[in-house]
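Here is a friendly walk through one protein model, meant to be read with the structure open beside you. Take a moment to turn the model around before reading on.

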Amino acid sequence: ARSTGVDPARLRTATLYAPKLAGPGDAGRFGVVLAFKAPFDRGKELASLKVAAEGLNPLLKWEAASDGLFVGTAGLDAAPRPRPADAAGPLSAALAEAARGHVAAVGVNLAALPAALRGDAPPADVTPFRALFRADTLSATLDWDADAALAVRVTAPTPAAATEAAAALRKLLTLAADEAATEAKVVGRDAADDPDAKPLAAVLGAVRDAATAASVTADGRDARLAFKLRGDLPFAGAYTASTLRVVTGGSVALVQNNLKQIALAMHNYHDANGTLPPAAVCSKDGKPLLSWRVTLLPFLEQGGLYKEFKLDEPWDSEANKKLLARMPRVYAVPGRTRAGDADTVFRVFVGRGAAFEYASGSNLPQIADGTTNTLMVVTAADAVPWTKPDEIAYDPDRDVRPELGYVAGGRCHAALCDGSVRTFDRRKPPPAETLHAFITKSGGEVIDFP
């Protein structure tokens, strides 16, 4: 509700519904009914919804019943009409249960699911649970007093089908317990160095225990699950930690995907020219003009942009400077690159035995240390304009670890000359001599770093 511009504290209920889920486009057709606790200014609330939903197209707005508002997608052309109190339907029992004042209630008419899920040959990943999809309805309620209590009811066509549904619910509980146990171990290891992860580890451990202790019964046509979770757990801290892990995980994946694209472009350039690109496009007298990031553009499906550069002019010439704002997304890094930025942290080490020189490129087969042991591109500590030929000058006589940039996930991300991607953890950075060994292409060092 917060994303609609409505304060959740003013709401009595928020009801989300999807009339049908049988086709691929049905999931995008849904509505939300917001019922308020007290009288409200309909015009003011609708105006607030209109402003809040500008970025949520194709959401449309309608007025609903006298005590609330309705927001629906373009696939729904009207607000829901209240049904008579005595009307019967597949979800009548779930609606009656929801009216008793639970924190949350869910009802699903399983007959409205796609036929592929309810048939005799469902997708392999849901086959163990097909008895649930072939039931008539599923309803669930969540209550929160001293503890959190989840109650699930599956109504099947026959008592035998209810027994099969109960068995499927037990499989779900086992899966949930196993997943929570596995994730709790991973988060628990992180918590040794990151205190903020401890609340999440505690909640995951409690979920594992609760799933193991939950009960499943079958009675007539109903299969029921009862799950209770302690209410004194650090849920707020766990929510913050889990949200951060999701965001960080997405950022890590994006950075590494960008690096893999850059490494592939480097290899394609090598295939076409016999060497990696030089660190810069240089003038006839050897002065660096434009970065290797410009040279790679044709191999990143940016040939049109490449042709607009004046390759005999410096990066900040009047003509070339106009192209700064068109930095390809592949050079962006979540958390470091904002919309409209022209700076990047993807840089290379140059000179003194590194894989790059400003005026010439390296031949991969001639990298004596092996492409699996030699750095190609890293996330650097300092960002530079993406077209500027400003790379990291390598000096084997100084500690170059401060040159590494720790971004997504608190890690320095690096593409090696074989095209693979690895990371260095801020908390356990490589020793100085190890980083030197990674940078040099023919130093003869033995690298022993996990």
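Of the contacts in the protein with a separation of 6 or more, what percentage is made by residues 24 or more positions apart? The share is 64%. Please keep in mind that this is a predicted model.

**The protein as a whole**

The protein has eleven helices and 17 strands. Among its 450 residues, 38% are buried. Its accessible surface is about 23,800 Å², and carbon and sulfur atoms contribute 54% of that surface.

**A five-stranded sheet**

One good place to look is an open sheet of five strands, arranged in the order S5-S6-S7-S9-S8 with antiparallel pairing. Strand S5 (104–109) and strand S8 (215–219) are at the edges; each has a single partner strand, so one side of each has no neighbour in the sheet. On average, neighbouring strands here are turned by 10 degrees against each other, direction ignored.

Inside the sheet, strand S6 (residues 137–144) and strand S7 (residues 148–155) run antiparallel and are joined by eight bridges. If you want a pair to find on screen, try Thr141, whose bridge partner in S7 is Ala151.

Which helix packs on the sheet? That is helix H6 (residues 198–213), which touches S8 and strand S9 (222–229). The direction of H6 makes about 145 degrees with that of S9.

**Three buried residues**

Next come two cysteines and a histidine, listed here with their relative accessible area.

| Residue | Relative accessible area | Class |
|---|---|---|
| Cys412 | 0% | buried |
| Cys417 | 0% | buried |
| His436 | 13% | buried |

The cut-off for buried is under 20% relative accessible area. Cys412, at 0%, therefore counts as buried, and Cys417, also at 0%, is classed as buried too. How many disulfides are there in the model? The count is zero, taking a disulfide as a pair of cysteine sulfur atoms within 2.5 Å.

His436 sits in helix H11 (residues 432–439). With a relative accessible area of 13%, His436 falls under the 20% cut-off, so this histidine is buried as well. Which residues does His436 contact, once neighbours within four places in sequence are set aside? They are Tyr394, Asp395, Pro396, Arg398, Val400 and Glu445.

Methods. Residues numbered from 1 in each chain as written. Predicted model: local features only at pLDDT ≥ 70, side-chain atom pairs only at ≥ 80, totals over all residues. Heavy atoms only, no water. Pairing = 2+ DSSP bridges. Helix = DSSP H or I, 4+ residues; strand = E, 2+ residues; numbered from the N terminus. Axes fitted to C-alpha atoms, helices over the stretch in contact; angles between N-to-C directions. Contact = heavy atoms within 4.5 Å. Buried < 20%, exposed > 50% of the residue type's maximum accessible area, 1.4 Å probe, protein only. Areas by Shrake-Rupley, 256 points an atom, 1.4 Å probe, with all protein chains shown as cover.
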